[in-house]
Amino acid sequence: MSRPAVPSLLALRRVHLLAACNDATLQRIAARCHWRNVAAKTPVFTRASAGSDVYFLLSGQVRITTYSQQGREVSFRDHAPGEHFGDLSAIDGEQRSADVIALQDSQLLSLGSADFLELLEQEPLLARRMLQHLTQLVRQLTQRVLELSTLGVPTRLHVELLRLAQDVQPDGSARIDPMPTHAVLASKISTNREQVARELAALTQQGLLRKAGSRVLHIASLHDLQALAAAAATHAGD
């Protein structure tokens, strides 16, 4: 994979956090960034890693994950091109809070924490976008804690499938492509692969799900799946 010596302004504009920056600011950022290519299944960094750089993902896909003391994987979210990560350690100077693993061959730009903090101080618009990003992250994690605390495994799976749904059709059907493995789904909803397999089989028997090949899952009716999740959530709150 070839790479230019300095990131182009076009490449930086593909990063959501930087999209509103003017050319002069992007040129300053480009001059301070470093390229990094990471092969699939390779860590970008781990919780034990030193360093506090911020990373901008230009191509590929990475997963934010961690492991319990018993070795159980807990997945938080996947990042697609245009997203960034590593900002928490850059802001507070603490160690990494999770591992980041490349799911595909990925191309990234890294920016040192001192340069990142300087940009936030000098660019109010960038600082505001960063605050919006952190606020959204808190909201998402709050929702996840609520789900894990109040919903049973079947309902947590229903909610996760609704999150993953894409390409919604006029008839209310949708698909998930690529469909995560049972192990990945289990790590996201705090259960085991066997229970995920049982619940997916039950939804398939009800006619709500249908597999198309090894990696595509069709959802027959988002409305019915939403109703199933809502009914269980209401019952859980009784």
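In this predicted model, strands β10 and β11 form a hairpin with three residues between them, and Gly213 in the turn has a positive phi of about 80 degrees. Strands, like helices, are DSSP runs numbered from the N terminus, with at least two residues (E) for a strand and at least four (H or I) for a helix. Residues are numbered from 1 along each chain as its sequence is written, and side-chain values use heavy atoms, with hydrogens and water left out. Because the model is predicted, local features need pLDDT of at least 70 and side-chain atom pairs count only at pLDDT 80 or more, whereas totals for chains, interfaces and linings use all residues.

The hairpin belongs to an open sheet of three strands in the order β9-β11-β10, with antiparallel pairing. Strands β9 (174–176) and β10 (209–212) are at the edges with a single partner strand each, so one side of each has no neighbour in the sheet. Direction ignored, neighbouring strands of this sheet are turned by 30 degrees against each other on average, the axes being lines fitted to C-alpha atoms and angles running from 0 to 180 degrees between N-to-C directions. Two strands are taken to pair if DSSP finds at least two bridges between them; β10 and β11 are joined over four bridges, and β9 and β11 (residues 216–219) over three. Within β11, His218 stands opposite Arg175 and is also the bridge partner of Arg210, while Ile219 is the bridge partner of Ala174.

Arg175 also forms a salt bridge with Asp177, the closest N and O atoms being 2.9 Å apart, where a salt bridge is a side-chain nitrogen of Lys or Arg within 4 Å of a carboxyl oxygen of Asp or Glu. By this rule the count comes to 11 salt bridges. Arg175 is partly exposed at 24% relative accessibility, as is Asp177 at 32%, with buried meaning under 20% relative accessible area, exposed over 50% and partly exposed in between (1.4 Å probe, protein chains only). Asp177 is joined to Pro178 by a cis peptide bond with omega of about 0 degrees, and Pro178 lies in the loop between β9 and α7 (182–189).

Helix α7 contributes to a further salt bridge, in which the closest N and O atoms of Asp78 and Lys188 are 4.0 Å apart. This pair links distant parts of the chain, with Asp78 in strand β5 (residues 73–79) and Lys188 in helix α7, 110 residues apart. Asp78 is partly exposed with a relative accessible area of 23%, whereas Lys188 is buried at 12%. In helix α6, Arg163 and Glu160 are three residues apart and therefore separated by about one helical turn; their salt bridge has its closest N and O atoms 2.9 Å apart. Arg163 is partly exposed, with a relative accessible area of 35%, and Glu160 is buried at 2%. Both residues are linked with Arg144 and Glu147 in a network of salt bridges.

Most residues other than glycine have a negative phi, and most peptide bonds are trans. Lys41, although not a glycine, has a positive phi of about 70 degrees; Lys41 lies in the loop between β1 (34–38) and β2 (43–45) and is exposed, with a relative accessible area of 76%. Asp167 likewise has a positive phi, of about 55 degrees, and is found in the loop between α6 (153–164) and β9, where Asp167 counts as partly exposed at 42% relative accessibility.
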